[in-house]
Amino acid sequence: HRRRDIAARYGRALDHPDIALPPPASAESDVVHLFVVRTSQRASLRAHLAAAGVATDIHYPVPDHRQPGAGAAPPSGLPRTERACAEVLSLPCYPELTDAEIDAVAAACNQWRPVTRS
């Protein structure tokens, strides 16, 4: 229940146009094991959050089809999978996380300024 509460709080508090949120938990059976956001500038966001004291993780950074032993990648590649693996970033989501900590993580995300490209 607490992980669903955390995800719902993140969903209400995170409001950055360059950070895509996961869909809300849709059922009691959704345990919200991870809270994974996506951004095309993951390294920048991750560095910003680290500087703010927020630990993050990159779960599954290598697509399954590129894992050793998976064999050759499909000839056309898997562009959506590749993009997802390049963009995903897990925010803290564990039952002991306090509401104040959730709010601090969300505020740090909302204060992030992506690198502008010209």
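**Fold, strand pairing and largest pocket**

Read along the sequence, the elements follow the order α-β-α-α-β-α. The model is a predicted one. In total, the protein holds 4 helices and 2 strands. Its C-alpha atoms fill a box of roughly 45 × 45 × 20 Å along the principal axes. Of the 118 residues, 31% are buried. Among contacts with a separation of 6 or more, 74% join residues 24 or more positions apart.

The two strands are paired. Strand β1 covers residues 35-38, and strand β2 covers residues 88-91. The strands run antiparallel and are joined by 4 bridges. One of the bridge partnerships sets Arg38 of β1 against Val88 of β2. In a regular strand, side chains alternate between the two faces of the sheet. Strand β1 shows this alternation. Phe35 and Val37 point to one face and are buried. Val36 and Arg38 point to the other face and are not buried. Burial in β2 follows another course. Val88 and Ser90 point one way, and Leu89 and Leu91 point the other way. All four of these β2 residues are buried. Thus the bridge between Arg38 and Val88 brings together a residue that is not buried and a residue that is buried.

The aromatic pairs were examined next. The count comes to 1 aromatic pair. Tyr10 and Phe35 form this pair, with 4.8 Å from centre to centre and 40° between the planes. The arrangement is classed as tilted, because 40° is neither under 30 degrees nor over 60. The pair links distant parts of the chain. Tyr10 lies in helix α1, residues 2-13, whereas Phe35 lies in β1, and 25 residues separate them. Both Tyr10 and Phe35 are buried.

Phe35 also takes part in the largest pocket. This pocket has a volume of about 220 Å³. Its lining comprises 14 residues, and those closest to the centre are Ala7, Pro23, Pro24, Ala25 and Phe35. Helix α1 supplies the largest share of the lining, with 4 residues. Both α1 and β1 supply at least two lining residues each. By residue class, the lining divides into 11 nonpolar, 1 polar and 2 charged. Phe35 thus belongs to the aromatic pair with Tyr10, to the buried face of β1 and to the residues closest to the pocket centre.

Helix α1 also holds Ala13. Ala13 has a relative accessible area of 26% and is therefore partly exposed, since the buried class requires under 20% and the exposed class over 50%. Tyr10, also in α1, is buried. Leaving aside neighbours within four places in sequence, Ala13 is in contact with Ala106 and Asn110. The C-alpha atoms of Ala13 and Val105 are 9.4 Å apart, although these positions lie 92 residues apart along the chain.

Methods. Residues numbered from 1 in each chain as written. Predicted model: local features only at pLDDT ≥ 70, side-chain atom pairs only at ≥ 80, totals over all residues. Heavy atoms only, no water. Phe/Tyr/Trp six-rings, centres within 6.5 Å; stacked < 30°, edge-to-face > 60°. Buried < 20%, exposed > 50% of the residue type's maximum accessible area, 1.4 Å probe, protein only. 1 Å grid on protein atoms, 1.4 Å probe; cavity = no way out; pocket = protein on both sides within 12 Å on 5 of 7 lines; lining within 4 Å. Points joined across faces, edges and corners; volume = space filled by probe spheres on them. Nonpolar A, V, L, I, M, F, W, Y, C, P; charged D, E, K, R; others polar. Pairing = 2+ DSSP bridges. Contact = heavy atoms within 4.5 Å.
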